Amino acid sequence: MERYIGHIIEVIYLDIDNKTKQRRIEVLMVENGIVKAFCHQRQALRVIRIENILAVKQVSVSSRVS
């Protein structure tokens, strides 16, 4: 997942209730098995366990200004 830092990706993952979710996120940081990201759908920060990520598709390189 480290290779996606600074990129926008679509992920399918299992949420805390073990439900499948799909989100478009910008990966901000990856450490200790955790992805910290900005969710474009919710306009909020999200934390996702790598072990819960089922699929990843790169969308683009981020163009957001920090």
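1. Leu45 is exposed in this predicted model, since its relative accessible area is 60% and the cut-off for exposed is over 50%. This residue sits in strand β4. Together with Leu28 and Met29, Leu45 makes a nonpolar surface patch of about 280 Å².

2. Val27 presents the opposite case: its relative accessibility is 1%, so Val27 counts as buried. Val27 belongs to strand β2, which covers residues 20-31. The C-alpha atom of Val27 is separated by 6.6 Å from that of Ile8, although the two residues are 19 apart along the chain.

3. Attention may now turn to the charged side chains. Side chains of opposite charge can pair when their charged atoms come close. How many salt bridges does a search of the whole structure find? The search finds three.

4. One of the salt bridges joins the side chains of Glu10 and Arg24, with a distance of 2.6 Å from N to O. Glu10 lies in strand β1 and Arg24 in strand β2, so this pair ties together parts that are 14 residues apart in sequence. Arg24 is partly exposed, its relative accessible area being 38%.

5. Another salt bridge is formed by Asp15 and Lys21, whose closest N and O atoms are 3.9 Å apart. Are these two partners buried or partly exposed? Asp15 has a relative accessibility of 16% and therefore counts as buried, because the limit for that class is under 20%. Lys21, at 28%, counts as partly exposed.

6. A salt bridge also links the side chains of Lys36 and Glu31, again with an N to O distance of 3.9 Å. Lys36 counts as partly exposed at 34% relative accessibility, and Glu31 counts as partly exposed at 38%.

7. The remaining points concern empty space. Rolling a probe the size of a water molecule over the atoms shows where such space is left. The largest pocket holds about 190 Å³ of space. Two elements each give two or more residues to its lining, namely β1 (7-14) and β4 (44-49).

8. Which element gives the most to the lining of the largest pocket? Strand β4 does, with four residues. The residues that line the pocket are Tyr13, Leu14, Asp15, Ile16, Arg46, Val47, Ile48, Arg49 and Asn52. By character, the lining divides into five nonpolar residues, one polar residue and three charged residues. Asp15 thus appears in two settings, as it lines the largest pocket and forms a salt bridge with Lys21.

Technical notes
Residues are numbered from 1 along each chain as its sequence is written. This is a predicted model: local features need pLDDT of at least 70, side-chain atom pairs count only at pLDDT 80 or more; totals for chains, interfaces and linings use all residues. Side-chain values use heavy atoms; hydrogens and water are left out. On a 1 Å grid over the protein atoms alone, a cavity is a set of points where a 1.4 Å probe fits but cannot get out, and a pocket is an open set with protein on both sides within 12 Å along at least five of seven lines; lining residues have an atom within 4 Å of a point. Grid points are joined across faces, edges and corners, and a volume is the space filled by probe spheres set on the points. Ala, Val, Leu, Ile, Met, Phe, Trp, Tyr, Cys and Pro count as nonpolar, Asp, Glu, Lys and Arg as charged, and the others, Gly among them, as polar. Patches are made of residues with over 30% relative accessible area and no salt bridge: like charges are joined within 9 Å, nonpolar side chains (Val, Leu, Ile, Met, Phe, Trp, Tyr) within 5 Å. Accessible areas come from the Shrake-Rupley method with a 1.4 Å probe; for residues, only the protein chains shown count as cover. A salt bridge is a side-chain nitrogen of Lys or Arg within 4 Å of a carboxyl oxygen of Asp or Glu. Buried means under 20% relative accessible area, exposed over 50%, partly exposed in between (1.4 Å probe, protein chains only).
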